[in-house]
Amino acid sequence: MKVIKSQFEFKGGVHPDYNKELARDQAIENLPVPEELAISMSQHLGAPAKCIVKAGDWVERGQVIGEKAGFISVLVRASASGRVKAVEKRLGPAGGKADCVILDTAAERPADVPAPSAGPVLAPLDWRTASKEDLLKRVEEAGICGMGGAGFPTAVKLNPPPAKRCEYLILNGAECEPYLTADYRVMLERAPRIRLGVEIMRKMLGGPAVRIAIEANKPEAILAMEKAFADIEGNVQIVVLPVLYPQGSEKHQIYATVKRIVPEPPALPIDVGCVVENVGTAAAIADAVELGEPLLSRVTTVSGDAVANPKNIQAPSGTKYADLVKFCGGEKVPPAKVISGGTMMGFAVSTLEIGTTKTTSGLLLLSRKKVFQYSSHPCINCGRCLRACPMNLNPALISKAVDANDIKAAEDAHVMDCIECGACSFGCPAYRTITQSCRRAKNSIRARIAAEKAKAAAAQAKQ
Ligand code: SF4
Ligand code: SF4
């Protein structure tokens, strides 16, 4: 297996302060199950899961509490045993509300409910002899979705249509978001699990070449992966990427590793023969197949200058942000801003009562010193955002269109291609909230398309 340097640099991108030193040397710690969990039915891209439990029910760790609600959807399992206190709509990190199971894990087990056996939740599988269908079923029943970004259902990604062949499985270990070190620690501490996950995925995808993409600022992770994959057979390479945000974006990583360009949506990486999976997802697949352990927890980086002891925490899904902060020794100073995710693509949140999901890679508490106070000004046409945009968009034009409430003009300027990376806002001397404008326009366009579809369906039903 070779380690090579990426030869292909994408246009645009920025160099934010990475601030990874706060948590990068903190080994993963397991959080004891908190007394209350808030488990959302919307932990992935696509239709939220359909909640199948109600207040008063007793649920066991690993039990399905939310069923898949469509092709692009993922089931949800209880990350601990306990009694359902309530099922209620709660705000998620991105602002939308979804059904949330509030689980009292300190409740006493009912006398007539015997404790389950200590074995695994699912029967372990031998991946070498299991069929592709069995492996896909396992990924689906384990509730696995992409753990590095939007949470695309993994079983869908690993089952491309027959006409589309996966030539490259790209393993995303870039973790280019400032502050976040969860993937880095997984690469250092769980490299053999990642390798096993890669071998399983390779079998499911018909034996593609493998490219392991890691930014050059993570030499220890590169070494750990090199050691873990040293004797792997076939066409496997570690590709060392230049340090440039957003190197972890799927499209940009495909270009940087195999120089292929994913066309405009609705095209997907598989349309250029690629499947990209995060390193944490690979480890989760290994656990689900070999150990029979569904995806019930993940590593989340809790960092920032306003938290007492930054850490990388393996926490059950639904752990409230307040419990993560408590585990880190609380606040060092009152935070001026709390961000779910990283500083570039994350969402500012106003409460710590939100529960973690399968995609919660980070929680940042930033003091007033770190939170730049500014007010937005009119665009001065400096062009900096155009140079920074890795999608070749005109962010200034889009933000002006959104200011004027002209969503059609934003759509004509290809706002739907925006990956919401934040590179445009990062360097804007007028402090314009360009990324938020892009999100607003995209949400508005999606809502319009959904309304049009509903109207067409209703008209067809009448005929
Ligand atoms: S317009 Fe979108 S894709 Fe381009 S830099 Fe801004 S957030 Fe990133
Ligand atoms: S960086 Fe800001 S000020 Fe400069 S062109 Fe873009 S939106 Fe306008």
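In the predicted model, helix H4 meets helix H5 through Ala191, Pro192, Ile194 and Arg195 on the H4 side and Ala224, Met225 and Ala228 on the H5 side. Sorted by class, this contact comprises 6 nonpolar residues, 1 charged residue and no polar ones. Two packed helices are described by the angle between their axes and the distance between the axes. For H4 (residues 191–204) and H5 (residues 219–228), the axes come within 9 Å and cross at roughly 55°. H4 is therefore oblique to H5. The crossing of H4 past H5 is right-handed.

H5 also packs against helix H3. Here the axes come within 8 Å, and the crossing angle is roughly 40°. This crossing is left-handed. H3 contributes Tyr184, Met187 and Leu188 to the contact, while H5 contributes Glu220, Ala221, Ala224 and Met225. The class count for H3 with H5 is 6 nonpolar, no polar and 1 charged. Ala224 and Met225 of H5 thus appear in the contact with H4 and in the contact with H3.

H3 (residues 182–189) has a further set of neighbours in a sheet. The helix lies across strands S2, S14 and S15 (311–316). Its direction makes an angle of about 125° with S14.

The sheet in question is open and has 6 strands. Their order is S2-S15-S14-S18-S16-S17, and the pairing is mixed. The edges are taken by S2 (28–30) and S17 (347–349). Each edge strand has a single partner, so one side of each is left without a neighbour in the sheet. From one strand to the next, the twist averages 30°. Within this sheet, S14 (residues 297–303) and S18 (residues 362–366) pair in the parallel sense over 3 bridges. Gly362 in S18 stands opposite Thr301.

A second open sheet has 3 strands in the order S4-S6-S7. Its pairing is antiparallel. S4 (50–51) and S7 (76–77) form the edges. Each has a single partner strand, so one side of each lacks a neighbour in the sheet. S6 (residues 64–67) is joined to S7 in the antiparallel sense over 2 bridges. Val64 has Arg77 in S7 as its bridge partner.

Two loops carry backbone features of note. The peptide bond from Tyr245 to Pro246 is cis, with omega near 5°. Pro246 is placed in the loop between strand S12 (236–241) and helix H6 (250–258). In another loop, between strand S10 (168–172) and H3, lies Glu175. Glu175 has a positive phi of about 35°, although this residue is not a glycine.

The surroundings of ligand 2 were also examined. The ligand has 13 residues around it. Those that come nearest are Cys379, Cys382, Gly383, Cys385 and Cys428. By class, the shell around ligand 2 divides into 9 nonpolar, 2 polar and 2 charged residues.

Definitions and conventions:
Residues numbered from 1 in each chain as written. Chains lettered and ligands numbered in written order. Predicted model: local features only at pLDDT ≥ 70, side-chain atom pairs only at ≥ 80, totals over all residues. Heavy atoms only, no water. Near = heavy atom within 4 Å. Nonpolar A, V, L, I, M, F, W, Y, C, P; charged D, E, K, R; others polar. Axes fitted to C-alpha atoms, helices over the stretch in contact; angles between N-to-C directions. Helix = DSSP H or I, 4+ residues; strand = E, 2+ residues; numbered from the N terminus. Parallel < 35°, antiparallel > 145°, perpendicular 65-115°, else oblique. Left-handed = near helix turned anticlockwise from the far one by under 90°. Contact = heavy atoms within 4.5 Å. Pairing = 2+ DSSP bridges.
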